[in-house]
Amino acid sequence: MADATYEELLGLIDELAERLTPRARLAYLYGLMAPLLDRVEREDEELSDDPVLSTPDAVRDLRKAAAGEPVDLDAVHEQLTDVGLCYSEDQDPERHLVAQSAYAAAAWLRLLAGRKLRTTAYLQGDDEDLVPPFAPSAFTRIVDLLAWARSHQVYVHWEDALAHPEDGALPVAIRELRAMHAEIGGFGEARSS
């Protein structure tokens with residue numbers, strides 16, 4: 001595992017995730033994502049003329065949903081996709097990290113709901129890939145994006161990162177994937193005992 005490539009690590013994580021129940025996979029993903037939500041929650045900029053929820057309210061409702069409380073998943077998803085879209089168009093890397101976190105949270109909500117959710121009007125008809133589509137499953141697509149967001153880097157596809165090693169981004173993302181692999185391995189063992 002020490003010499004595993006980024007793509008191989010995603011495959012190993014996918015194998016571990018397959019052993020978990022859907023509920024445990026959701027809990028694991030939420031645990032990986034939760035520290036990033038604080039950054040999203042601090043964003044209170046109005047992004048549309050008629051928002052259903054503020055961004056801080058959307059994050060609070062996301063946390064409620066993770067705790068099993070009923071919330072308007074469509075409204076939360078719509079606000080998170082709005083944040084993701086608006087912030088990803090900004091040139092500021094910090095805002096890109098907020099966008100990545102918001103998109104990961106929105107993708108997690110879809111898994112929780114088990115259905116397509118309402119999205120920002122600006123993405124209507126074009127919202128299938130909130131997270132990069134390069135990993136083998138919906139679970140690992142979120143993990144792929146989280147590896148970069150958790151390592152405070154703007155997402156780069158691993159093949160592009162290999163082509164530009166001078167940026168130094170890939171080794172940091174690989175370390176984060178290894179850490180997540182260890183976390184899910186421990187999580188899976190705790191769930192099965």
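## Where two helices meet

Which residues in α5 meet α6? Before getting to that, keep in mind that this is a predicted model. On the α5 side you'll find Leu97, Gln100, Ser101, Tyr103, Ala104, Ala107, Trp108 and Leu111. Across from them, α6 brings Ala138, Ile142, Leu145, Leu146, Trp148 and Ala149. Sort the residues of this contact by type and you get twelve nonpolar, two polar and no charged.

Now for how the pair is arranged. Helix α5 covers residues 93-113 and helix α6 covers residues 138-150. Their axes lie 10 Å apart, and the helices pack at an angle of about 160 degrees. Angles over 145 degrees count as roughly antiparallel, so α5 is roughly antiparallel to α6. The crossing of these two helices is left-handed.

## A look along α6

Let's check the length of α6. With 13 residues at 1.5 Å a residue, α6 should span 18 Å. Its end C-alpha atoms are indeed 18 Å apart, so the expectation and the model agree.

Is α6 mostly covered or mostly open? Mostly covered: eleven of its 13 residues are buried. Among them are Ile142, Leu145, Leu146, Trp148 and Ala149, and these five also turn up in the contact with α5. The buried set includes Asp144 and Arg150 too, and these two count as charged. Just after α6 comes His152, which takes a positive phi of about 60 degrees.

## The other partner of α5

Helix α5 also has helix α3 (residues 55-66) for company. The axes of α3 and α5 come within 11 Å and cross at roughly 35 degrees. This crossing is left-handed as well.

From α3, the contact is made by Leu62, Ala65 and Ala66. From α5, Ala105, Trp108, Leu109 and Leu112 take part. The tally here is seven nonpolar, no polar and no charged. Spot Trp108: it belongs to this contact and also to the one with α6.

## Zooming in on Ala105

How does a single residue of α5 sit in all this? Take Ala105, which is in helix α5. Its relative accessibility is 0%, so Ala105 counts as buried; the cut-off for that is under 20%.

Which residues does Ala105 touch, not counting residues up to four places away in sequence? They are Met33, Leu37, Leu62 and Leu80. Leu62 is the one you've already met, in the α3 side of the contact with α5. As for Leu37, Ala105 is 68 residues away from Leu37 in sequence, but their C-alpha atoms are 8.0 Å apart in space.

Terms used
Residues numbered from 1 in each chain as written. Predicted model: local features only at pLDDT ≥ 70, side-chain atom pairs only at ≥ 80, totals over all residues. Heavy atoms only, no water. Axes fitted to C-alpha atoms, helices over the stretch in contact; angles between N-to-C directions. Helix = DSSP H or I, 4+ residues; strand = E, 2+ residues; numbered from the N terminus. Parallel < 35°, antiparallel > 145°, perpendicular 65-115°, else oblique. Left-handed = near helix turned anticlockwise from the far one by under 90°. Contact = heavy atoms within 4.5 Å. Buried < 20%, exposed > 50% of the residue type's maximum accessible area, 1.4 Å probe, protein only. Expected span 1.5 Å × (residues − 1).
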